[in-house]
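Grab a pencil and work through these exercises with the structure open beside you. Try each task before you read its solution.

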Amino acid sequence: MDFCRTVDLLYTALPLRPLRGWLIRGHMERCPRCQARLLSREEARGLLVAPDGVGNADAIWRQISSQAGRLTAFSETRPAMAGAKWRWAAAAATAAVIAVTGFWLLREVEKPGFGPTAAGPADRFEIDYVNVGGAPAQTFVFQPQGTDTVFVWASKNL
Amino acid sequence: MENGKKPSVDEREIIEGCLRGSPVSNRAMVEAFGNLVMSVALNVVGNRQDAEDVCQETFLQVFRRLDRYDPARSFKTWLLTIAYRRSLDMLRKKRRFSEFSSKARHEPAVAERGANPHPAGPEPLPSALLKTLSPRERTALCLWANEGYTARDISEVLACSASTARVYLFNARRKIKTLLENDHGLLQNG
(Lines give C-alpha, C1' and ligand atoms only; values in the text may rest on other atoms or scores of the structure.)
Protein backbone atom coordinates (compact mmCIF):
# COMPACT_ATOMS: atom_id res chain seq x y z
CA MET A 1 0.00 0.00 0.00
CA ASP A 2 2.86 2.36 0.87
CA PHE A 3 4.41 1.68 -2.50
CA CYS A 4 1.16 2.70 -4.23
CA ARG A 5 0.95 5.92 -2.22
CA THR A 6 4.55 6.80 -3.07
CA VAL A 7 3.88 6.12 -6.73
CA ASP A 8 0.75 8.27 -6.48
CA LEU A 9 2.68 11.16 -5.00
CA LEU A 10 5.35 10.87 -7.68
CA TYR A 11 2.75 10.82 -10.43
CA THR A 12 0.92 13.80 -8.96
CA ALA A 13 4.16 15.77 -9.02
CA LEU A 14 4.59 15.22 -12.74
CA PRO A 15 4.01 18.43 -14.65
CA LEU A 16 2.83 16.82 -17.89
CA ARG A 17 -0.81 15.86 -17.65
CA PRO A 18 -0.86 13.30 -20.53
CA LEU A 19 2.18 11.51 -19.12
CA ARG A 20 0.70 11.62 -15.62
CA GLY A 21 -2.60 10.23 -16.93
CA TRP A 22 -0.85 7.46 -18.81
CA LEU A 23 1.17 6.43 -15.74
CA ILE A 24 -1.81 6.57 -13.38
CA ARG A 25 -3.90 4.52 -15.79
CA GLY A 26 -1.14 1.97 -16.26
CA HIS A 27 -0.65 1.60 -12.53
CA MET A 28 -4.37 1.42 -11.71
CA GLU A 29 -5.06 -1.17 -14.36
CA ARG A 30 -2.29 -3.45 -13.14
CA CYS A 31 -2.33 -2.95 -9.39
CA PRO A 32 -4.93 -5.18 -7.66
CA ARG A 33 -4.54 -3.31 -4.38
CA CYS A 34 -5.36 0.02 -6.01
CA GLN A 35 -8.30 -1.52 -7.84
CA ALA A 36 -9.63 -2.75 -4.52
CA ARG A 37 -9.41 0.80 -3.24
CA LEU A 38 -11.68 2.19 -5.95
CA LEU A 39 -15.23 3.23 -5.28
CA SER A 40 -17.74 0.66 -6.47
CA ARG A 41 -20.68 1.53 -8.71
CA GLU A 42 -23.12 0.90 -5.86
CA GLU A 43 -21.19 3.14 -3.50
CA ALA A 44 -21.10 5.87 -6.15
CA ARG A 45 -24.85 5.58 -6.71
CA GLY A 46 -25.36 6.16 -3.01
CA LEU A 47 -23.60 9.53 -3.28
CA LEU A 48 -25.13 10.70 -6.55
CA VAL A 49 -28.64 11.82 -7.41
CA ALA A 50 -30.23 9.25 -9.71
CA PRO A 51 -32.63 10.21 -12.53
CA ASP A 52 -35.44 8.53 -10.61
CA GLY A 53 -34.78 10.75 -7.63
CA VAL A 54 -34.96 14.20 -9.21
CA GLY A 55 -38.73 14.43 -9.17
CA ASN A 56 -41.44 14.77 -11.75
CA ALA A 57 -40.56 15.48 -15.39
CA ASP A 58 -43.82 17.44 -15.70
CA ALA A 59 -42.38 20.04 -13.37
CA ILE A 60 -39.34 20.33 -15.63
CA TRP A 61 -41.62 20.72 -18.65
CA ARG A 62 -43.66 23.44 -16.92
CA GLN A 63 -40.46 25.39 -16.33
CA ILE A 64 -39.43 25.37 -19.96
CA SER A 65 -42.85 25.25 -21.67
CA SER A 66 -43.27 29.02 -21.94
CA GLN A 67 -39.93 29.42 -23.67
CA ALA A 68 -40.39 26.23 -25.66
CA GLY A 69 -43.81 27.57 -26.76
CA ARG A 70 -42.18 30.71 -28.07
CA LEU A 71 -39.62 28.57 -29.82
CA THR A 72 -42.34 26.43 -31.40
CA ALA A 73 -44.35 29.43 -32.56
CA PHE A 74 -41.17 30.83 -34.01
CA SER A 75 -40.34 27.65 -35.90
CA GLU A 76 -43.91 27.13 -37.11
CA THR A 77 -44.02 30.52 -38.84
CA ARG A 78 -40.81 29.67 -40.65
CA PRO A 79 -39.49 33.23 -40.76
CA ALA A 80 -36.48 32.19 -42.78
CA MET A 81 -38.68 30.83 -45.57
CA ALA A 82 -40.98 33.86 -45.46
CA GLY A 83 -37.93 36.09 -45.74
CA ALA A 84 -36.68 34.06 -48.67
CA LYS A 85 -39.99 34.57 -50.48
CA TRP A 86 -39.81 38.32 -49.98
CA ARG A 87 -36.21 38.34 -51.09
CA TRP A 88 -37.27 36.73 -54.36
CA ALA A 89 -40.03 39.31 -54.85
CA ALA A 90 -37.64 42.18 -54.08
CA ALA A 91 -35.04 40.77 -56.46
CA ALA A 92 -37.61 40.39 -59.24
CA ALA A 93 -38.89 43.95 -58.72
CA THR A 94 -35.34 45.34 -58.76
CA ALA A 95 -34.53 43.43 -61.95
CA ALA A 96 -37.71 44.79 -63.60
CA VAL A 97 -36.85 48.39 -62.62
CA ILE A 98 -33.31 47.96 -63.96
CA ALA A 99 -34.60 46.49 -67.24
CA VAL A 100 -37.15 49.29 -67.81
CA THR A 101 -34.63 52.00 -66.94
CA GLY A 102 -32.00 50.43 -69.19
CA PHE A 103 -34.45 50.18 -72.09
CA TRP A 104 -35.48 53.80 -71.65
CA LEU A 105 -31.84 54.95 -71.49
CA LEU A 106 -30.98 53.02 -74.64
CA ARG A 107 -33.85 54.62 -76.49
CA GLU A 108 -32.77 58.07 -75.32
CA VAL A 109 -29.16 57.45 -76.39
CA GLU A 110 -30.24 56.33 -79.81
CA LYS A 111 -32.26 59.53 -80.38
CA PRO A 112 -30.56 62.18 -82.61
CA GLY A 113 -28.98 65.01 -80.66
CA PHE A 114 -28.32 62.93 -77.56
CA GLY A 115 -25.13 63.76 -75.79
CA PRO A 116 -23.22 67.04 -75.49
CA THR A 117 -24.43 69.76 -77.83
CA ALA A 118 -22.03 70.29 -80.70
CA ALA A 119 -21.85 74.02 -80.38
CA GLY A 120 -19.57 76.02 -82.74
CA PRO A 121 -16.14 77.12 -81.52
CA ALA A 122 -17.19 80.74 -81.64
CA ASP A 123 -20.13 80.02 -79.37
CA ARG A 124 -17.92 78.14 -76.96
CA PHE A 125 -15.17 80.81 -77.00
CA GLU A 126 -15.51 83.67 -74.56
CA ILE A 127 -13.12 86.44 -73.57
CA ASP A 128 -14.08 88.80 -70.81
CA TYR A 129 -11.35 91.31 -71.52
CA VAL A 130 -7.84 91.57 -72.88
CA ASN A 131 -5.25 93.96 -71.54
CA VAL A 132 -2.48 95.17 -73.80
CA GLY A 133 0.26 97.28 -72.18
CA GLY A 134 -1.75 97.57 -68.98
CA ALA A 135 -4.80 98.96 -70.71
CA PRO A 136 -7.92 97.22 -72.04
CA ALA A 137 -7.54 96.32 -75.69
CA GLN A 138 -9.99 95.91 -78.52
CA THR A 139 -10.62 92.24 -79.27
CA PHE A 140 -11.92 90.51 -82.34
CA VAL A 141 -12.85 86.89 -82.64
CA PHE A 142 -12.87 85.42 -86.14
CA GLN A 143 -13.74 81.93 -87.26
CA PRO A 144 -13.36 81.11 -90.95
CA GLN A 145 -16.41 79.30 -92.34
CA GLY A 146 -16.21 75.53 -92.44
CA THR A 147 -13.34 75.32 -89.97
CA ASP A 148 -12.97 74.86 -86.25
CA THR A 149 -10.16 77.38 -86.11
CA VAL A 150 -10.75 80.51 -84.08
CA PHE A 151 -8.61 83.59 -84.43
CA VAL A 152 -8.49 86.14 -81.62
CA TRP A 153 -7.23 89.56 -82.52
CA ALA A 154 -6.43 92.09 -79.87
CA SER A 155 -5.38 95.65 -80.63
CA LYS A 156 -4.31 98.41 -78.32
CA ASN A 157 -6.81 101.18 -77.88
CA LEU A 158 -5.30 104.30 -79.31
CA MET B 1 -37.72 7.63 -15.55
CA GLU B 2 -34.46 6.84 -17.22
CA ASN B 3 -34.78 6.71 -20.96
CA GLY B 4 -33.23 3.29 -21.29
CA LYS B 5 -35.95 1.85 -19.09
CA LYS B 6 -38.75 3.21 -21.27
CA PRO B 7 -38.88 1.23 -24.49
CA SER B 8 -42.34 2.59 -25.28
CA VAL B 9 -40.89 5.99 -26.03
CA ASP B 10 -39.97 6.13 -29.65
CA GLU B 11 -36.89 8.28 -29.69
CA ARG B 12 -36.89 8.69 -33.45
CA GLU B 13 -40.51 9.82 -33.55
CA ILE B 14 -39.90 12.35 -30.81
CA ILE B 15 -36.87 13.75 -32.62
CA GLU B 16 -38.73 14.02 -35.91
CA GLY B 17 -41.66 15.68 -34.16
CA CYS B 18 -39.35 18.19 -32.48
CA LEU B 19 -37.73 18.93 -35.84
CA ARG B 20 -41.19 19.76 -37.19
CA GLY B 21 -41.68 22.06 -34.19
CA SER B 22 -44.45 20.04 -32.62
CA PRO B 23 -45.11 21.13 -29.01
CA VAL B 24 -46.37 17.62 -28.22
CA SER B 25 -43.01 16.16 -29.26
CA ASN B 26 -41.15 18.85 -27.31
CA ARG B 27 -43.07 17.83 -24.23
CA ALA B 28 -42.49 14.14 -24.94
CA MET B 29 -38.76 14.79 -25.19
CA VAL B 30 -38.67 16.62 -21.87
CA GLU B 31 -40.72 13.85 -20.26
CA ALA B 32 -38.44 11.17 -21.69
CA PHE B 33 -35.09 12.80 -20.95
CA GLY B 34 -35.84 15.55 -18.41
CA ASN B 35 -34.95 13.52 -15.34
CA LEU B 36 -31.77 12.24 -16.94
CA VAL B 37 -30.58 15.76 -17.82
CA MET B 38 -31.67 17.06 -14.42
CA SER B 39 -29.76 14.36 -12.56
CA VAL B 40 -26.56 14.98 -14.53
CA ALA B 41 -26.89 18.75 -14.03
CA LEU B 42 -27.61 18.30 -10.32
CA ASN B 43 -24.62 16.02 -9.84
CA VAL B 44 -22.30 18.37 -11.73
CA VAL B 45 -23.41 21.81 -10.47
CA GLY B 46 -24.42 20.60 -7.00
CA ASN B 47 -27.55 22.63 -6.31
CA ARG B 48 -31.11 22.39 -7.50
CA GLN B 49 -31.72 25.95 -8.66
CA ASP B 50 -28.70 26.00 -10.95
CA ALA B 51 -29.49 22.48 -12.14
CA GLU B 52 -33.00 23.61 -13.15
CA ASP B 53 -31.48 26.50 -15.13
CA VAL B 54 -29.04 24.10 -16.78
CA CYS B 55 -31.87 21.71 -17.62
CA GLN B 56 -33.93 24.50 -19.17
CA GLU B 57 -31.02 25.84 -21.22
CA THR B 58 -30.13 22.34 -22.36
CA PHE B 59 -33.57 21.60 -23.74
CA LEU B 60 -33.91 25.00 -25.37
CA GLN B 61 -30.57 24.45 -27.08
CA VAL B 62 -31.64 20.95 -28.11
CA PHE B 63 -34.87 22.28 -29.67
CA ARG B 64 -32.96 24.98 -31.51
CA ARG B 65 -30.06 22.82 -32.71
CA LEU B 66 -31.76 19.50 -33.25
CA ASP B 67 -31.08 19.76 -36.99
CA ARG B 68 -27.37 19.42 -36.17
CA TYR B 69 -27.84 16.09 -34.42
CA ASP B 70 -26.19 13.24 -36.30
CA PRO B 71 -28.59 10.24 -36.22
CA ALA B 72 -25.60 7.91 -36.50
CA ARG B 73 -24.67 8.88 -32.92
CA SER B 74 -26.53 8.13 -29.73
CA PHE B 75 -29.11 10.82 -29.05
CA LYS B 76 -28.73 10.36 -25.31
CA THR B 77 -24.98 10.97 -25.51
CA TRP B 78 -25.53 14.06 -27.69
CA LEU B 79 -28.07 15.37 -25.20
CA LEU B 80 -25.79 14.69 -22.24
CA THR B 81 -22.91 16.42 -24.03
CA ILE B 82 -25.04 19.57 -24.22
CA ALA B 83 -26.12 19.18 -20.59
CA TYR B 84 -22.49 18.77 -19.50
CA ARG B 85 -21.39 21.88 -21.42
CA ARG B 86 -24.28 23.92 -20.03
CA SER B 87 -23.31 22.72 -16.54
CA LEU B 88 -19.71 23.83 -17.10
CA ASP B 89 -20.98 27.21 -18.31
CA MET B 90 -23.07 27.51 -15.16
CA LEU B 91 -20.09 26.68 -12.95
CA ARG B 92 -17.95 29.26 -14.78
CA LYS B 93 -20.70 31.84 -14.39
CA LYS B 94 -20.96 31.08 -10.69
CA ARG B 95 -17.20 31.28 -10.28
CA ARG B 96 -17.08 34.65 -12.03
CA PHE B 97 -19.95 35.86 -9.88
CA SER B 98 -18.29 34.67 -6.66
CA GLU B 99 -15.06 36.40 -7.71
CA PHE B 100 -17.03 39.55 -8.38
CA SER B 101 -18.99 39.34 -5.13
CA SER B 102 -15.83 38.71 -3.13
CA LYS B 103 -14.41 41.91 -4.64
CA ALA B 104 -17.63 43.79 -3.94
CA ARG B 105 -18.11 42.53 -0.40
CA HIS B 106 -18.94 46.01 0.79
CA GLU B 107 -22.11 45.94 -1.36
CA PRO B 108 -24.29 43.33 0.34
CA ALA B 109 -27.28 43.95 -1.94
CA VAL B 110 -25.27 42.83 -4.94
CA ALA B 111 -23.58 39.94 -3.16
CA GLU B 112 -26.87 38.51 -1.91
CA ARG B 113 -28.27 38.15 -5.41
CA GLY B 114 -26.11 35.08 -5.89
CA ALA B 115 -27.48 33.35 -2.81
CA ASN B 116 -29.98 30.57 -3.29
CA PRO B 117 -33.43 31.94 -2.39
CA HIS B 118 -34.67 28.41 -1.78
CA PRO B 119 -33.05 26.92 1.29
CA ALA B 120 -32.17 23.26 1.24
CA GLY B 121 -35.47 21.44 0.99
CA PRO B 122 -36.52 17.82 0.88
CA GLU B 123 -35.23 17.38 -2.69
CA PRO B 124 -32.24 15.04 -2.95
CA LEU B 125 -28.84 16.59 -3.49
CA PRO B 126 -25.55 14.92 -4.36
CA SER B 127 -23.18 14.17 -1.52
CA ALA B 128 -20.92 16.99 -0.40
CA LEU B 129 -17.99 14.62 -1.01
CA LEU B 130 -18.48 15.18 -4.74
CA LYS B 131 -17.38 18.78 -4.30
CA THR B 132 -13.83 17.51 -3.88
CA LEU B 133 -13.91 16.33 -7.49
CA SER B 134 -13.43 18.42 -10.60
CA PRO B 135 -16.51 18.90 -12.85
CA ARG B 136 -15.04 16.41 -15.34
CA GLU B 137 -14.48 13.82 -12.64
CA ARG B 138 -18.00 14.35 -11.28
CA THR B 139 -19.48 13.96 -14.75
CA ALA B 140 -17.44 10.83 -15.44
CA LEU B 141 -18.49 9.30 -12.12
CA CYS B 142 -22.15 10.21 -12.64
CA LEU B 143 -22.31 8.77 -16.16
CA TRP B 144 -20.47 5.63 -15.10
CA ALA B 145 -22.53 4.96 -11.98
CA ASN B 146 -25.99 6.12 -13.05
CA GLU B 147 -25.98 5.45 -16.78
CA GLY B 148 -23.54 2.57 -16.98
CA TYR B 149 -21.42 4.46 -19.48
CA THR B 150 -18.03 3.07 -20.50
CA ALA B 151 -14.89 5.19 -20.74
CA ARG B 152 -15.50 5.52 -24.49
CA ASP B 153 -19.05 6.82 -23.95
CA ILE B 154 -17.84 9.20 -21.27
CA SER B 155 -15.09 10.46 -23.59
CA GLU B 156 -17.74 11.49 -26.14
CA VAL B 157 -19.53 13.59 -23.56
CA LEU B 158 -16.36 15.12 -22.14
CA ALA B 159 -14.82 15.61 -25.61
CA CYS B 160 -11.57 13.85 -24.69
CA SER B 161 -9.89 10.54 -25.42
CA ALA B 162 -11.16 7.33 -23.85
CA SER B 163 -7.85 7.00 -21.95
CA THR B 164 -8.28 10.46 -20.44
CA ALA B 165 -11.88 9.66 -19.50
CA ARG B 166 -10.63 6.50 -17.80
CA VAL B 167 -8.15 8.56 -15.78
CA TYR B 168 -10.91 10.99 -14.71
CA LEU B 169 -12.99 8.04 -13.59
CA PHE B 170 -10.10 6.37 -11.76
CA ASN B 171 -9.27 9.61 -9.94
CA ALA B 172 -12.88 10.22 -8.99
CA ARG B 173 -13.40 6.72 -7.66
CA ARG B 174 -10.12 6.75 -5.76
CA LYS B 175 -10.57 10.21 -4.20
CA ILE B 176 -14.08 9.47 -2.96
CA LYS B 177 -13.12 6.06 -1.68
CA THR B 178 -10.21 7.55 0.25
CA LEU B 179 -12.49 10.20 1.75
CA LEU B 180 -15.04 7.58 2.72
CA GLU B 181 -12.32 5.44 4.31
CA ASN B 182 -10.98 8.44 6.23
CA ASP B 183 -14.49 9.30 7.43
CA HIS B 184 -15.04 5.72 8.48
CA GLY B 185 -11.71 5.67 10.32
CA LEU B 186 -12.56 8.92 12.10
CA LEU B 187 -15.93 7.53 13.17
CA GLN B 188 -14.31 4.36 14.50
CA ASN B 189 -11.57 6.27 16.34
CA GLY B 190 -13.90 8.98 17.60
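**Exercise 1: a helix pair**

Is B:Asp89 buried, partly exposed or exposed? Work out the class, then find the partner of this residue.

*Solution.* Before we start, keep in mind that this is a predicted model.

Step 1. Buried means under 20% relative accessible area, and exposed means over 50%. B:Asp89 has a relative accessibility of 26%, so it counts as partly exposed.

Step 2. Now look for the partner. The side chain of B:Asp89 meets that of B:Arg92 in a salt bridge, with 3.0 Å from N to O.

Step 3. Check where the two sit. Both B:Asp89 and B:Arg92 are in helix α4 of chain B, three residues apart, which is about one turn of the helix.

Step 4. Classify the partner too. B:Arg92 has a relative accessible area of 36%, so it is partly exposed.

Step 5. Look for further links. B:Arg86, B:Asp89 and B:Arg92 are joined in a network of salt bridges.

Why might such side chains pair up at all? Side chains of opposite charge can pair when their charged atoms come close.

**Exercise 2: a serine in the same neighbourhood**

Which helix holds B:Ser87, and what does this residue touch?

*Solution.* Step 1. B:Ser87 is found in helix α4 of chain B, which covers residues 75-103.

Step 2. Its relative accessibility is 0%, so B:Ser87 counts as buried.

Step 3. Look at the polar end of the side chain. A polar atom there lies 2.7 Å from the backbone oxygen of B:Ala83.

Step 4. Now skip the neighbours within four places in sequence. What's left in contact with B:Ser87 is B:Ala41, B:Val44, B:Val45 and B:Val54.

**Exercise 3: a bridge between two helices**

Which residue forms a salt bridge with B:Glu137, and how many residues apart are the two?

*Solution.* Step 1. The partner is B:Lys175, and the closest N and O atoms are 2.9 Å apart.

Step 2. This pair links distant parts of the chain: B:Glu137 belongs to helix α6 of chain B and B:Lys175 to helix α8 of chain B, 38 residues apart.

Step 3. Compare the accessibility values one by one. B:Glu137 comes out at 5%, so it counts as buried. B:Lys175 comes out at 34%, so it counts as partly exposed.

**Exercise 4: an odd backbone angle**

What is the phi angle of B:Ala159, and where is this residue found?

*Solution.* Step 1. B:Ala159 has a positive phi of about 55 degrees, although it is not a glycine.

Step 2. Its place is the loop between α7 (151-158) and α8 of chain B.

Step 3. With a relative accessible area of 60%, B:Ala159 is over the 50% cut-off, so it is exposed.

**Exercise 5: where the chains meet**

How many residues of each chain are in contact with the other chain, and which salt bridges cross over?

*Solution.* Step 1. Count the residues: 50 of chain B are in contact with 38 of chain A.

Step 2. Add the area. The two chains bury about 4,100 Å² between them, with 62% of it on carbon and sulfur atoms.

Step 3. Find the salt bridges. There are two between chain B and chain A. One joins the side chains of B:Lys177 and A:Glu43, at 3.0 Å from N to O. Another joins A:Glu29 and B:Arg166, with the closest N and O atoms 3.7 Å apart. That pair runs from helix α2 (residues 17-30) of chain A to helix α8 of chain B.

Step 4. Classify the ends of that pair. A:Glu29 has a relative accessible area of 40%, so it is partly exposed. B:Arg166 is at 30%, so it counts as partly exposed.

Step 5. Count the polar contacts: eight residue pairs between chain B and chain A, both residues at pLDDT 80 or more. On the side of chain B that touches chain A, α8(B) gives the most, with 13 residues. By class, that side has 24 nonpolar, 13 polar and 13 charged residues.

**Exercise 6: describe each chain**

What elements does each chain contain?

*Solution.* Step 1. Chain B has eight helices and zero strands. Of its 190 residues, 47% count as buried.

Step 2. Chain A has seven helices and three strands. Buried residues make up 20% of its 158 residues.

Key
Residues are numbered from 1 along each chain as its sequence is written. Chains are lettered from A and ligands numbered from 1 in the order in which they are written. This is a predicted model: local features need pLDDT of at least 70, side-chain atom pairs count only at pLDDT 80 or more; totals for chains, interfaces and linings use all residues. Side-chain values use heavy atoms; hydrogens and water are left out. Contact means heavy atoms within 4.5 Å. Buried area is the accessible area (1.4 Å probe) that two parts lose on being put together, summed over both. A salt bridge is a side-chain nitrogen of Lys or Arg within 4 Å of a carboxyl oxygen of Asp or Glu. A polar contact is a pair of N or O atoms within 3.5 Å; within protein, one must be able to donate a hydrogen and the other to accept it, and residues adjacent in sequence count only if both atoms are side-chain atoms. Helices (H or I, at least four residues) and strands (E, at least two) are DSSP runs, numbered from the N terminus. Ala, Val, Leu, Ile, Met, Phe, Trp, Tyr, Cys and Pro count as nonpolar, Asp, Glu, Lys and Arg as charged, and the others, Gly among them, as polar. Buried means under 20% relative accessible area, exposed over 50%, partly exposed in between (1.4 Å probe, protein chains only).
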